[in-house]
Amino acid sequence: MNHNSIFSKTDAGLNEVKTRSPGFPIRLRQLLIMIDGQKRVEELLALQPDRNELQKQLQQLMDLHLILEHAGYASHTPSAPIAPSPATQSIASATPASRTLPSASARLKIRRIIHMTDQAYLSNKLEFMLSDVFDALSSYEELQFCIDRWQKALKEAGHSDMADAYLYQVKAAMAS
């Protein structure tokens, strides 16, 4: 693989991002989430500045059949995106077609909501997601992943009403 290589998720990779298998290494999961069929290896170095370690992690993901390598050229078509959960479809529909990240202040509000509810209802279950994924967001899809994971965790913990109530606050932050 060279610095112009582009990777995309396989169906198994999309499923792993969606289901979050227990025991899957967080750094590999973070890299898998960042792979979007558009970023070149050169751009992924921002996540893992050690080129040798990045190549090792990419090879691990390929060995697990979670990603595919493509030659680096602009005509590459990325793999199909993960469909948003019903809980966040209204967020997706409220976002411009370009699916750009909300402003830094809006992301901070969303992070605070997730962090506060994680502490209050989930015993800091999402602490690593916040530090490893949310704090390194570079695309709308990554934000969507974090919101979906947060909603799922709240509902699994028996806090569906709270999940829905706080989702309104997240929507308001995204609209600001």
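**Confidence, core and helix packing in a predicted model**

Among the elements of the protein, helix 8 has the highest mean pLDDT, 90, while helix 5 (residues 89-94) has the lowest, 45. The model is a predicted one, and a look at confidence is a friendly place to begin. Averaged over the protein, the pLDDT is 79, and 83% of the residues reach at least 70. The pLDDT falls below 50 over residues 72-98, a stretch that nevertheless has 46 contacts in the model beyond near neighbours in sequence. Where pLDDT is low, the predicted coordinates should not be read in detail.

With that caution in place, the overall architecture can be set out. The secondary structure consists of nine helices and two strands. Read along the sequence, these elements follow the pattern β-α-α-α-α-β-α-α-α-α-α. Of the 176 residues in the protein, 41% are buried. Contacts that span long distances in sequence are well represented: among those between residues at least 6 apart, 72% join residues at least 24 apart.

The interior comes next. In soluble globular proteins, nonpolar side chains tend to be buried together. Here the largest nonpolar core has 42 residues, and Leu58, Leu61 and Trp150 are those with the most contacts inside it. Two or more residues of this core come from each of helix 2 (26-34), helix 3 (41-44), helix 4 (51-63), helix 6 (104-121), helix 7 (127-132), helix 8 (140-156) and helix 9 (160-175). Helix 8 gives the largest share, eight residues. Helix 8 is thus worth following on two counts, as the element with the highest mean pLDDT and as the one with the largest share of the core.

Two helix pairs show how helix 6 is packed. In the first, the axes of helix 6 and helix 8 come within 11 Å and cross at roughly 25 degrees. Since angles under 35 degrees count as roughly parallel, helix 6 and helix 8 are described as roughly parallel to each other. The crossing in which helix 6 passes helix 8 is left-handed. On the side of helix 6 the contact is made by Ile110, Ile113, Ile114, Thr117 and Tyr121, and on the side of helix 8 by Leu143, Trp150 and Leu154. Trp150 thereby appears both in this contact and among the residues with the most contacts inside the core.

In the second pair, helix 6 and helix 9 have axes 8 Å apart and pack at an angle of about 165 degrees. Helix 6 is therefore roughly antiparallel to helix 9, and the crossing of these two helices is right-handed. Helix 6 takes part through Ala106, Lys109, Ile110, Ile113, Met116, Thr117 and Tyr121, and helix 9 through Met162, Tyr166, Gln169, Val170, Ala173 and Met174. Ile110, Ile113, Thr117 and Tyr121 of helix 6 take part in the contact with helix 8 and also in the contact with helix 9.

Two polar residues with little accessible area also deserve a look. Arg29 lies in helix 2 and is buried, because its relative accessible area of 4% is under the 20% cut-off. Leaving out residues up to four places away in sequence, Arg29 touches Glu16, Arg20, Ser21 and Phe24. Arg29 and Glu16 are 13 residues apart in sequence, and their C-alpha atoms are 8.2 Å apart in space. Ser21, in the loop between helix 1 (11-19) and helix 2, is in contact with both Glu16 and Arg29, its neighbours within four places in sequence being left aside. Ser21 is partly exposed, with a relative accessible area of 29%.

The second of these residues, Gln57, lies in helix 4 and counts as buried at 7% relative accessibility. With residues up to four places away in sequence not counted, Gln57 touches Arg27, Leu28, Leu31 and Gln48.

Finally, the loop between helix 6 and helix 7 holds Ser123 and Asn124, each with a backbone feature of note. Phi of Ser123 is near 55 degrees, a positive value in a residue other than glycine. Asn124 is likewise not a glycine and has a positive phi of about 60 degrees. As for accessibility, Ser123 counts as exposed at 66%, whereas Asn124 is partly exposed, with a relative accessible area of 33%.

Technical notes:
Residues are numbered from 1 along each chain as its sequence is written. This is a predicted model: local features need pLDDT of at least 70, side-chain atom pairs count only at pLDDT 80 or more; totals for chains, interfaces and linings use all residues. Side-chain values use heavy atoms; hydrogens and water are left out. A nonpolar core is a set of buried Ala, Val, Leu, Ile, Met, Phe, Trp, Tyr and Cys residues joined through side-chain atoms within 4.5 Å. Buried means under 20% relative accessible area, exposed over 50%, partly exposed in between (1.4 Å probe, protein chains only). Helices (H or I, at least four residues) and strands (E, at least two) are DSSP runs, numbered from the N terminus. Contact means heavy atoms within 4.5 Å. pLDDT is the predictor's confidence in each residue, from 0 to 100. Axes are lines fitted to C-alpha atoms, for helices over the stretch in contact, and angles run from 0 to 180 degrees between N-to-C directions. Angles under 35 degrees count as roughly parallel, over 145 as roughly antiparallel, 65 to 115 as roughly perpendicular and the rest as oblique. A crossing is left-handed if the near helix is turned anticlockwise from the far one by less than a right angle, and right-handed if clockwise.
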